[in-house]
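Visitor: I would like to learn how to read a protein model step by step. Could you guide me through some features, giving the idea behind each before the case itself?

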Amino acid sequence: MAHVAVFLYTVYICSIIERVSPVTQWKKRFVMILAAVDLILVLTNPLTKGIFYFDTSGQYCNGPLKFVVNGMIMLALLISLSAVIHHHDAFSVMQRNIVYFFMLTNIVAIVIQTVFPRLLITQFSMMLAVLLIYMTLQNAEDFVDSQTQLWNRTAFIDTLNDKITRKSPFEVIVVKLHEFRNINDMVGVRAGTKLLCQAADALKAIEQDCEIYRVSGIKFALIVPCEKRKAVLEEVRECFATPFEIGEVELKLQIITCVVGYPQNVLSQHEMENAIQYCIANAEKNGDFDTVYADPGTLKKMRRTLDLDKLLKRAIREKQFDVYYQPIRNAVTGEYHSAEALIRLYDDTYGFISPDEFIPRAEENGMILAIGELVFVEVCRMIHDNDIRQYGIEYIEINLSAAQCVQKNLWDMFETVMQKYQIPSEMINLELTETATVQSSEQLAEFMRQMNSKGIQFSLDDFGSGFATVHYLFSYPFHIVKLDKEIVWAAAKQQKASVTLRHTIEMIKDLKLHIIAEGVETQEQADMLAEMGCDQFQGYLYAKPMPEQQFVQFLAEAGCVG
């Protein structure tokens with residue numbers, strides 16, 4: 001019967017992992033089916049002698065189904081191993097080592113038992129491993145926060161799962177200490193820790209019926225009965241209404257709070273955690289210090305964001321992004337000597353997904369680095385495969401995010417790809433938005449100088465889109481300035497906008513920078529911009545963004561002249 005514990009152990013591992021990440025349900029069901037089959041074989045063995053039996057001399061012998069049982073055990077062990085490796089963050093280092101010991105001990109024992117069937121070692125090894133896991137995998141201390149003596153995140157997740165399993169309605173009030181890092185910088189980490197413990201003690205003093213947890217460094221969660229939510233919120237506000245004292249210093253803590261309820265808002269522990277994280281992040285981004293409630297609109301946006309994250313991961317993994325190219329026309333000669341690479345994403349379920357939606361999200365979740373590399377590789381491949389220099393194309397513009405600008409070893413990636421496709425660095429022009437220059441500052445300037453020394457030039461994209469300042473033009477080594485389409489469209493309709501644009505163009509020209517006007521859609525706009533001195537045009541009047549083959553055909557038919 002000891003090896004039945006292997007199957008139960010695998011289910012237990014999945015339950016631990018579920019605290020931090022959803023586990024595929026078929027794995028748990030599959031293991032439970034294996035356990036049921038094994039149990040049936042064990043219970044019927046006295047009649048069938050399928051697993052083992054004793055011969056006439058009293059010697060232990062393997063039955064014809066012994067290999068089947070061992071195979072099922074090995075399969076369960078491998079499922080457990082893959083789950084632990086994939087979700088290693090759910091376990092401490094010691095717990096992972098014990099799990100790996102369990103795997104190794106039982107796998108070796110099964111192999112030895114198979115080679116030497118009369119050596120009864122599997123039962124002993126399994127019971128030894130189970131004993132070690134019982135002693136080390138979970139301790140009472142694992143559920144208590146050592147600093148505040150509150151229940152910790154592990155206890156919080158277990159409580160959520162228990163209440164949801166019992167279908168008991170409840171609400172969670174989350175309290176996050178806003179900009180606590182500034183307090184640590186001001187009074188020191190040790191004093192900051194004391195302040196954190198005082199905040200925890202203040203929450204412990206709440207008289208209403210609630211369970212309090214410290215779920216992260218500066219975030220607390222209170223599980224409350226639905227009818228007590230309003231009263232508890234009032235006490236929470238009272239807790240932080242007066243300053244806390246650290247020595248002779250008085251400090252007032254600013255908090256962000258959100259409320260998520262089961263089952264009215266979410267139906268699972270993972271949905272609960274996602275809703276909390278989304279609401280808190282949105283409140284911080286918007287500077288909203290009123291209590292945020294997980295209303296249907298907020299939850300709809302959250303689920304869209306989560307779906308977008310999954311979609312982006314799949315698109316990166318399966319290289320589902322498309323790169324389109326929009327030719328850029330010389331204002332004087334009508335020739336096309338450059339184009340901008342524009343990323344596109346289409347999903348069978350959601351249809352076309354705008355870059356205005358998925359690029360900002362990719363910047364937030366860090367996927368923009370992988371996406372940027374995919375685009376760069378695709379552009380270099382396109383240049384090489386189609387030899388677009390024969391059509392007069394001198395360079396391709398590639399958009400670069402602020403996160404990419406501060407990415408370590410970015411040039412190494414560029415160099416490796418360009419060498420693979422034999423692309424000279426002069427054929428690559430990197431576009432930066434004004435918001436990127438705001439976020440990266442001196443680090444960006446150094447990055448641009450490094451790229452310039454390698455032969456790569458830069459364009460300032462969307463100039464005039466709202467962050468416009470001449471500071472960017474003389475603080476960073478740009479070669480091209482791209483006028484935002486909004487200022488172009490406004491200048492064609494309003495006299496004041498036209499005067500502003502004219503003087504802006506004159507200033508940029510005096511700085512010896514080239515100008516590309518984006519969003520050119522009418523001949524009237526083109527004539528106005530040409531008269532003002534723009535060097536190049538980009539817009540639907542001449543060409544929409546197009547896929548690779550259509551772009552190459554466009555260049556061939558244009559004959560380098562519009």
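Guide: What follows is a conversation about the whole chain, then two pairs of helices, and then some single residues.

Visitor: Where should a newcomer begin, and how many helices and strands does the protein chain have?

Guide: A careful reader begins with the kind of model, and this one is predicted. The protein chain has 22 helices and 18 strands, and of its 562 residues 48% count as buried. The accessible surface of the chain comes to about 28,300 Å², and carbon and sulfur atoms account for 55% of that surface. As for contacts along the chain, among those with a separation of 6 or more, 68% join residues 24 or more positions apart.

Visitor: How do I read the way two helices meet, and at what angle do the axes of helix α12 and helix α13 cross?

Guide: The idea is to look at the two axes, then at the angle, and then at the residues that make the contact. Helix α12, residues 296-318, and helix α13, residues 355-365, have axes that come within 10 Å and cross at roughly 80 degrees. Because angles from 65 to 115 degrees count as roughly perpendicular, α12 is roughly perpendicular to α13. On the α12 side the contact is made by Arg 304, Thr 305, Leu 308, Asp 309 and Leu 312, while α13 contributes Glu 357, Phe 358, Arg 361, Ala 362 and Asn 365. Sorted by character, the residues of this contact divide into four nonpolar, two polar and four charged.

Visitor: Which residues make the contact between α7 and α11, and how do their axes cross?

Guide: The reading follows the steps already used. The axes of helix α7 (residues 153-165) and helix α11 (residues 269-286) come within 9 Å, crossing at roughly 125 degrees, and that makes α7 oblique to α11. From α7 the contact involves Arg 153, Phe 156, Ile 157, Leu 160, Asn 161 and Ile 164, and from α11 it involves Gln 269, Met 272, Glu 273 and Ile 276. These residues of the contact of α7 with α11 divide into six nonpolar, two polar and two charged.

Visitor: Turning to single residues, is Asp 347 buried or exposed?

Guide: Here one compares the relative accessibility of the residue with a cut-off, since buried means under 20%. Asp 347 belongs to strand β11, residues 336-347, and at 8% relative accessibility it counts as buried. The side chain of Asp 347 makes a polar contact of 2.7 Å with the side chain of Arg 314, and a polar atom of the Asp 347 side chain also lies 3.0 Å from the backbone nitrogen of Tyr 350. Leaving aside residues up to four places away in sequence, Asp 347 touches Leu 311, Arg 314 and Ile 353.

Visitor: Where does Ser 268 lie, and what does Ser 498 touch?

Guide: For each serine, one may ask about its place, its accessibility and its neighbours. Ser 268 lies in the loop between β8 (255-262) and α11, and at 25% relative accessibility it counts as partly exposed. A polar atom of the Ser 268 side chain is 3.1 Å from the backbone nitrogen of Glu 271, and the C-alpha atoms of Ser 268 and Thr 165 are separated by 9.1 Å, although these residues are 103 residues apart along the chain. Ser 498, in turn, is found in helix α20, residues 495-510, and counts as buried at 13% relative accessibility. Not counting residues up to four places away in sequence, Ser 498 touches Ala 491 and Met 532.

Methods: Residues numbered from 1 in each chain as written. Predicted model: local features only at pLDDT ≥ 70, side-chain atom pairs only at ≥ 80, totals over all residues. Heavy atoms only, no water. Helix = DSSP H or I, 4+ residues; strand = E, 2+ residues; numbered from the N terminus. Buried < 20%, exposed > 50% of the residue type's maximum accessible area, 1.4 Å probe, protein only. Polar contact = N/O pair within 3.5 Å; in protein donor to acceptor, adjacent residues only side chain to side chain. Contact = heavy atoms within 4.5 Å. Axes fitted to C-alpha atoms, helices over the stretch in contact; angles between N-to-C directions. Parallel < 35°, antiparallel > 145°, perpendicular 65-115°, else oblique. Nonpolar A, V, L, I, M, F, W, Y, C, P; charged D, E, K, R; others polar. Areas by Shrake-Rupley, 256 points an atom, 1.4 Å probe, with all protein chains shown as cover.
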